[in-house]
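Biologist: I would like to go through this entry feature by feature. Please state the cut-offs as each term comes up.

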Amino acid sequence: MSAHLFYILIAFAVSLLCGIITIPIILDFCKKYHLYDIPDQRKLHHNAIPRLGGICFMPSMLLALIIALMAFGRITGEEKISANPWTLMFLVSLLLIYFTGLIDDITGLRPRTKFLMQVFAASLIPMSGLYINNFYGFLGIHEIPFWIGAPLTVFIIVFIDNAINLIDGIDGLSSGLSVISLGGFLYSFAREEVWVYCILIAGLMGVIISFMYYNIWGKPEKNTKIFMGDSGSLTIGFVLGFLMVKYAMDNPRVMPFRQDGLLLSYTLLIIPAFDVVRVILKRMRMHVGIFKADKNHIHHKLLAAGMNQRQALITILTFELFYIVLNLQVLPNFDITYIVVIDVIIYTAFHVMLDIIINRKELLKIS
């Protein structure tokens with residue numbers, strides 16, 4: 001275990017260092033070529049902020065992966081590291097997503113084009129043999145066939161990819177939630193001794209943490225503040241969607257059967273997932289296009305309730321941690337269907353409480 005921990009730490013350190021070195025270079029590049037996220041009536045920032053922070057995510061992760069694997073080979077004496085077909089297909093599809101986000105950040109892409117690229121990239125995963133094949137008793141369903149699991153897998157990956165992208169509304173939120181999720185998956189894959197995925201995750205965590213420093217504490221007037229952009233949020237979202245499917249799939253050749261396979265994966269992504277579902281349902285109820293931008297996300301509501309950005313960030317991250325403790329420590333003996341119902345009730349009650357606070361504030365303003 002000590003050797004495995006060593007190369008996981010190597011991956012994390014290399015990636016962290018890559019972020020520390022490259023983000024200032026990206027900031028200067030954005031300043032030189034005027035690549036900024038321009039404020040508008042929907043956005044919360046009031047200054048033009050560089051938006052290409054995420055372009056260093058995937059290169060840093062892959063470099064950390066390569067260096068850590070080389071170190072692993074030297075430590076263990078293994079000259080070759082095996083890679084499954086779905087791992088190779090994942091890297092190909094991740095490249096497609098990364099360049100889609102990069103092009104969108106630099107020149108702009110139509111939402112339809114970006115969505116089709118996400119669907120195409122996600123479709124490569126079940127084609128390689130990796131797909132959701134077990135519901136672990138959710139709604140009374142256990143094993144499911146490929147013809148159901150494959151399209152469901154594509155939907156889940158695209159859904160999570162967009163959920164991480166859409167919740168990226170205040171400093172540190174998307175990256176903070178992602179670090180919590182990645183940390184959970186790192187622990188889970190380490191528990192199953194799937195070490196290649198552990199160093200892949202550690203490599204992504206390192207660069208995200210270095211980005212968070214500039215994103216949260218950077219100053220626009222000193223050219224030290226940056227946003228991740230779509231190249232970052234889409235990359236992170238796709239990785240998390242893949243990890244969710246990977247851990248949730250029942251494949252005894254890779255990992256033994258885990259009753260919490262689906263529950264853990266779902267819980268680690270619960271806040272961004274629930275937020276997108278709630279926003280879409282509200283848009284449908286208001287007869288507004290589901291792709292139309294608005295200010296109904298959870299962070300918008302917390303700000304409307306009187307919090308500042310830092311308080312809203314801490315509240316949402318704490319809410320995610322609360323769900324992890326609740327689902328994996330307090331309710332592990334419940335049927336997964338009941339756990340999901342309890343989660344929905346708690347989330348709904350939270351937003352009802354927020355609506356009451358916001359309405360009272362509006363009434364006070366009127367009076």
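Biologist: Is D275 buried or exposed?
Modeller: The model is predicted: local features need pLDDT of at least 70, side-chain atom pairs count only at pLDDT 80 or more, and totals for chains, interfaces and linings use all residues. Residues are numbered from 1 along each chain as its sequence is written, and side-chain values use heavy atoms, with hydrogens and water left out. Buried means under 20% relative accessible area, exposed over 50%, and partly exposed in between (1.4 Å probe, protein chains only). At 1% relative accessibility, D275 is therefore buried.

Biologist: Which residue forms a salt bridge with D275?
Modeller: A salt bridge is a side-chain nitrogen of Lys or Arg within 4 Å of a carboxyl oxygen of Asp or Glu. Both partners lie in helix α10 (residues 270–285), three residues apart, about one turn of the helix; helices (H or I, at least four residues) and strands (E, at least two) are DSSP runs, numbered from the N terminus. The partner has a relative accessible area of 15%, so the partner is buried too. The closest N and O atoms are 3.7 Å apart, and the residue is R278.

Biologist: What is the distance between the closest N and O atoms of D171 and K225?
Modeller: By the rule above, the count of salt bridges comes to seven. This pair links distant parts of the chain, with D171 in the loop between α5 (146–166) and α6 (173–191), K225 in the loop between α7 and α8, and their positions 54 residues apart. D171 and K225 are both buried. Their closest N and O atoms are separated by 2.6 Å.

Biologist: Which residue forms a salt bridge with D260?
Modeller: The closest N and O atoms of the pair are 3.3 Å apart. The pair connects distant parts of the chain, from the loop between α8 and α9, where D260 lies, to helix α6, 69 residues away. D260 has a relative accessible area of 23%, so D260 is partly exposed. At 39% relative accessibility, the partner also counts as partly exposed; the partner is R191.

Biologist: Which side chain of opposite charge is nearest to D250?
Modeller: D250 lies in the loop between α8 (229–248) and α9 (261–268), and leaving aside neighbours within four places in sequence, D250 is in contact with N133, N134, Y136 and F257. Contact means heavy atoms within 4.5 Å. For charge, Lys and Arg count as positive and Asp and Glu as negative; His and the chain ends are not counted. D250 is buried yet has no salt bridge, and the nearest side chain of opposite charge, 5.4 Å away, is that of R258.

Biologist: How many of the 23 residues of α7 are buried?
Modeller: Helix α7 (residues 195–217) reaches 33 Å from its first C-alpha to its last, close to the 33 Å expected at 1.5 Å a residue. That expected span is 1.5 Å times one less than the number of residues in the helix. The helix is largely enclosed by the rest of the structure, because the number of buried residues is 19.

Biologist: Which helices do the buried residues of α4 pack against?
Modeller: Helix α4 (residues 111–127) has 17 residues and reaches 25 Å, close to the 24 Å expected. Its buried residues include K114, Q118 and A121, and K114 is linked with D104 and D230 in a network of salt bridges. Just after α4, G129 takes a positive phi of about 105°. The buried residues of α4 pack against α3, α5 and α8.

Biologist: What is the phi of N223?
Modeller: E193, in the loop between α6 and α7, has a positive phi of about 60° although it is not a glycine. N223 is found in the loop between α7 and α8. N223 has a relative accessible area of 16%, so N223 is buried. Its phi, a positive value in a residue other than glycine, is near 55°.

Biologist: What is the area of the nonpolar surface patch that includes I21?
Modeller: Patches are made of residues with over 30% relative accessible area and no salt bridge, where like charges are joined within 9 Å and nonpolar side chains (Val, Leu, Ile, Met, Phe, Trp, Tyr) within 5 Å. Accessible areas come from the Shrake-Rupley method with a 1.4 Å probe, and for residues only the protein chains shown count as cover. I21 is found in helix α1 (residues 2–33) and is partly exposed, with a relative accessible area of 48%. Together, L17, I20, I21 and I25 make a patch of about 380 Å².
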